[in-house]
Amino acid sequence: MARYDQIAEILRQRVGCGQLAVGAEVPSADQLAREFQVGRDTALKAVKLLRNEGLLALGRDCVVRVERRHTSVVEQPGTVVDVPAVSVVKARMPTPKEREELQLAEGVPVLVVCLGDVEEVHPGGETGIRMSGA
């Protein structure tokens, strides 16, 4: 496993256990590089990977923060998911764990249904979303 993947996995674990809460500032690339004894580019690559997964986001103040908290993989491909109209549905690339759990090919996105602090992850290629209620 590449060093940037290892760093990304450690950061995922920190978010998962609550050590890094939603909205928390993520250490800078320089701080991560020192902590993990890697180059700054390697640290940046780990952060970029987690930003692409939707776990981290760059704020207007140019600070990277934790974007989301809880994610659960709940559906199998080829289904229609009913979600409340107040939900937010986002598409993103899956984490390595999600890719494995959903048995997704490289490059296949996931659909993330967000309702409050809870997120459900569905395979993007074969899942339909039906908004219900008003």
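# Exercises on a predicted model

In this predicted model, confidence in the protein is lowest in strand S3 (residues 70–73), with a mean of 52, and highest in helix H2 (residues 29–36), at 95.

## Exercise 1: Confidence

Task: State the mean pLDDT of the protein and what share of its residues reach 70 or more.

Solution. The mean pLDDT of the protein is 82. Of its residues, 88% reach 70 or more. Strand S3, with its mean of 52, has the lowest confidence. Where pLDDT is low, the predicted coordinates should not be read in detail.

## Exercise 2: The order of elements

Task: How many helices and strands does the protein have, and in what order do they run?

Solution. Begin with the count: the protein has four helices and eight strands. Then read from the N terminus, where the order is α-α-α-β-β-β-β-β-α-β-β-β. For the whole chain of 134 residues, 34% count as buried. Contacts with a separation of 6 or more can also be sorted by distance along the chain: residues 24 or more positions apart account for 57% of them. The exposed area of the protein is about 7,800 Å², and carbon and sulfur atoms supply 50% of it.

## Exercise 3: Two packed helices

Task: Describe how helix H1 (residues 3–16) and H2 pack, and name the residues that make the contact.

Solution. Two packed helices are described by the angle between their axes and the distance between the axes. For H1 and H2 the angle is about 105° and the axes are 12 Å apart. Angles from 65 to 115 degrees count as roughly perpendicular, so H1 is roughly perpendicular to H2. On the H1 side, the contact is made by Arg 3, Ile 7, Ile 10, Leu 11 and Arg 14. On the H2 side, Leu 32, Glu 35 and Phe 36 make it.

## Exercise 4: An arginine and a leucine

Task: Are Arg 12 and Leu 20 buried or exposed, and what does each touch?

Solution. Start with Arg 12, which lies in helix H1. Its relative accessible area is 13%. Buried means under 20%, so Arg 12 is buried. Not counting residues up to four places away in sequence, Arg 12 touches Leu 49, Leu 50, Glu 53, Leu 55, Thr 95 and Pro 96.

Next, Leu 20 is found in the loop between H1 and H2. With a relative accessible area of 12%, Leu 20 is also buried. Leaving aside neighbours within four places in sequence, Leu 20 is in contact with Leu 11, Arg 14, Val 15, Glu 25 and Val 66. The C-alpha atoms of Leu 20 and Arg 65 are separated by 9.0 Å, while the two residues are 45 residues apart along the chain.

## Exercise 5: Faces and partners of strands

Task: Which side chains of strand S4 (residues 80–84) point to one face and are buried, and with which strand is S4 joined?

Solution. In a regular strand the side chains alternate between the two faces of the sheet. In S4, Val 81 and Val 83 point to one face and are buried. Val 80, Asp 82 and Pro 84 point to the other face and are not buried. Five bridges join S4 to strand S8 (residues 128–132), and the two strands run parallel. Opposite Val 83 stands Met 131 in S8.

Now take strand S6 (residues 110–115). Five of its six residues are buried, so S6 is largely enclosed by the rest of the structure. Strand S5 (residues 88–92) pairs with S6 in the antiparallel sense over five bridges. In this pair, Ala 91 stands opposite Leu 111 in S6.

## Exercise 6: Positive phi and exposure

Task: Where do Cys 62 and Gln 103 lie, and what are their phi angles?

Solution. Most residues other than glycine have a negative phi. Cys 62 is not a glycine, yet its phi is positive, about 65°. Cys 62 lies in the loop between strand S1 (56–58) and strand S2 (64–66). Gln 103, also not a glycine, has a positive phi of about 55°. The place of Gln 103 is in the loop between helix H4 (96–102) and S6.

Exposed means over 50% relative accessible area. Cys 62 counts as exposed because its relative accessibility is 63%. Gln 103 counts as exposed at 71%. For contrast, take Lys 45 in helix H3 (residues 40–52): at 45% relative accessibility, Lys 45 counts as partly exposed.

Note on methods:
Residues numbered from 1 in each chain as written. Predicted model: local features only at pLDDT ≥ 70, side-chain atom pairs only at ≥ 80, totals over all residues. Heavy atoms only, no water. Buried < 20%, exposed > 50% of the residue type's maximum accessible area, 1.4 Å probe, protein only. Contact = heavy atoms within 4.5 Å. Areas by Shrake-Rupley, 256 points an atom, 1.4 Å probe, with all protein chains shown as cover. pLDDT = per-residue confidence, 0-100. Pairing = 2+ DSSP bridges. Axes fitted to C-alpha atoms, helices over the stretch in contact; angles between N-to-C directions. Parallel < 35°, antiparallel > 145°, perpendicular 65-115°, else oblique.
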